[in-house]
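Subject: Structure handover

Hi,

Here is the structure I promised to send over. My notes on it follow below.

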Amino acid sequence: LFRSGDLVIIFSGNFTSGGAPSGWTLQDAQNGNYWNGIVFSKVLSSADVSTGYVGTPTCGGECVYSAVTMVGSSGSVLRTNSSRNDPGSSTVILAGAAASDSTDIVFLFGSNRAASTNTVNFGSLLQTANDGSAASGALYVLNPATGPISATFAYSAAGSGNYQIILVVKP
């Protein structure tokens, strides 16, 4: 169950570019010809909780969403590092984000405009999705994490575009 004060972070790889829904904070957006990526977050209010759901932008039929909730924490996003590829690649190395202390939580999200198995070289898998046609994604978490983060995102099919992000959160 969601509670007022919980931090929700939504990750998306999609065919249609767009922004964060009203009332949400845009954390990252990468737009391209064939695949886009977006991350947005919100500390839930009592009104959000009583509604019982959150609305997300439409994605044009080819998309993948992953969401995490920091229960009991109105944490904050400290830093991000992301990239997007047109056309897609079977391997992308992303470096640069850093966790400052062992309480930081690092989320790693990779998405692909292809039916593929998506993996990251470290962390624990939280969610994976594959529509069997033109959208796939995977969300990993690394906790505890300190220092610079360098991750290899691997896609079993290169696809026509990738979006990947390293997102560091202070709970």
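Where is aspartate 6 found? Aspartate 6 sits in the segment before β1. Please keep in mind that this is a predicted model.

Aspartate 6 is a good place to start. Its side chain is buried, yet aspartate 6 has no salt bridge. The nearest side chain of opposite charge belongs to arginine 3, 4.0 Å away. There is a backbone contact, though: the aspartate 6 side chain reaches the backbone nitrogen of arginine 3 at 2.9 Å.

Next, the strands. β1 and β3 run antiparallel and are joined by eight bridges. Within that pairing, phenylalanine 11 has valine 39 of β3 as its bridge partner. On β2 (residues 25-30), the pairing with β3 is also antiparallel, over five bridges. Here glutamine 30 is matched with glycine 37 in β3. β2 and β3 make a hairpin, with five residues between them. How enclosed is β3? Seven of its eight residues (36-43) are buried, so β3 is largely enclosed by the rest of the structure.

Now the cores. The largest nonpolar core has 18 residues. Ile9, Phe11, Phe107 and Leu167 touch the most other members. Two or more residues each come from β1 (7-14), β4 (63-70), β7 (105-112), β10 (136-142) and β12. β12 gives the most, with four. Leucine 167 has contacts that include Ile9, Phe11, Val39, Val77, Ile105 and Phe107, leaving aside neighbours within four places in sequence. Polar residues are on its list too, among them Gln27, Arg79 and Thr80. Another core lies apart from this one. It has 17 residues, including Leu94, Leu108, Ala138 and Tyr155.

On to charges. The whole structure has five salt bridges. Three of them are described here.

- Arginine 113 and glutamate 62 meet at 2.6 Å, N to O. Arginine 113 is in the loop between β7 and β8 (118-120), and glutamate 62 is in the loop between α1 (46-51) and β4, so the pair ties together parts 51 residues apart in sequence. Arginine 113 is buried, at 17% relative accessible area.
- Aspartate 101 and lysine 170 form a salt bridge, with the closest N and O atoms 2.6 Å apart. Aspartate 101 is in the loop between β6 (91-99) and β7, while lysine 170 is in strand β12, 69 residues apart. Aspartate 101 is partly exposed at 29%.
- Aspartate 104 and lysine 170 also meet in a salt bridge, at 2.6 Å, N to O. Aspartate 104 lies in the loop between β6 and β7 and lysine 170 in β12, so this pair ties together parts 66 residues apart in sequence. Aspartate 104 is buried, at 0%.

Shared partners join Asp101, Asp104 and Lys170 into one network. Lysine 170 itself counts as partly exposed, at 22% relative accessibility.

Last, a glycine. Is glycine 161 buried or exposed? Glycine 161 counts as buried, because its relative accessibility is 0% and the cut-off is under 20%. Its place is the loop between β11 (147-155) and β12 (162-170). Beyond residues up to four places away in sequence, glycine 161 touches Trp35, Asn85, Asp86, Pro87, Gly88, Ser111, Asn112 and Arg113. Asparagine 112 is 49 residues from glycine 161 in sequence, and their C-alpha atoms are 5.8 Å apart. Arg113, on that contact list, is the salt-bridge partner of glutamate 62.

Best wishes

Note on methods: Residues are numbered from 1 along each chain as its sequence is written. This is a predicted model: local features need pLDDT of at least 70, side-chain atom pairs count only at pLDDT 80 or more; totals for chains, interfaces and linings use all residues. Side-chain values use heavy atoms; hydrogens and water are left out. Buried means under 20% relative accessible area, exposed over 50%, partly exposed in between (1.4 Å probe, protein chains only). Contact means heavy atoms within 4.5 Å. A nonpolar core is a set of buried Ala, Val, Leu, Ile, Met, Phe, Trp, Tyr and Cys residues joined through side-chain atoms within 4.5 Å. Lys and Arg count as positive and Asp and Glu as negative; His and the chain ends are not counted. A polar contact is a pair of N or O atoms within 3.5 Å; within protein, one must be able to donate a hydrogen and the other to accept it, and residues adjacent in sequence count only if both atoms are side-chain atoms. Two strands pair if DSSP finds at least two bridges between them.
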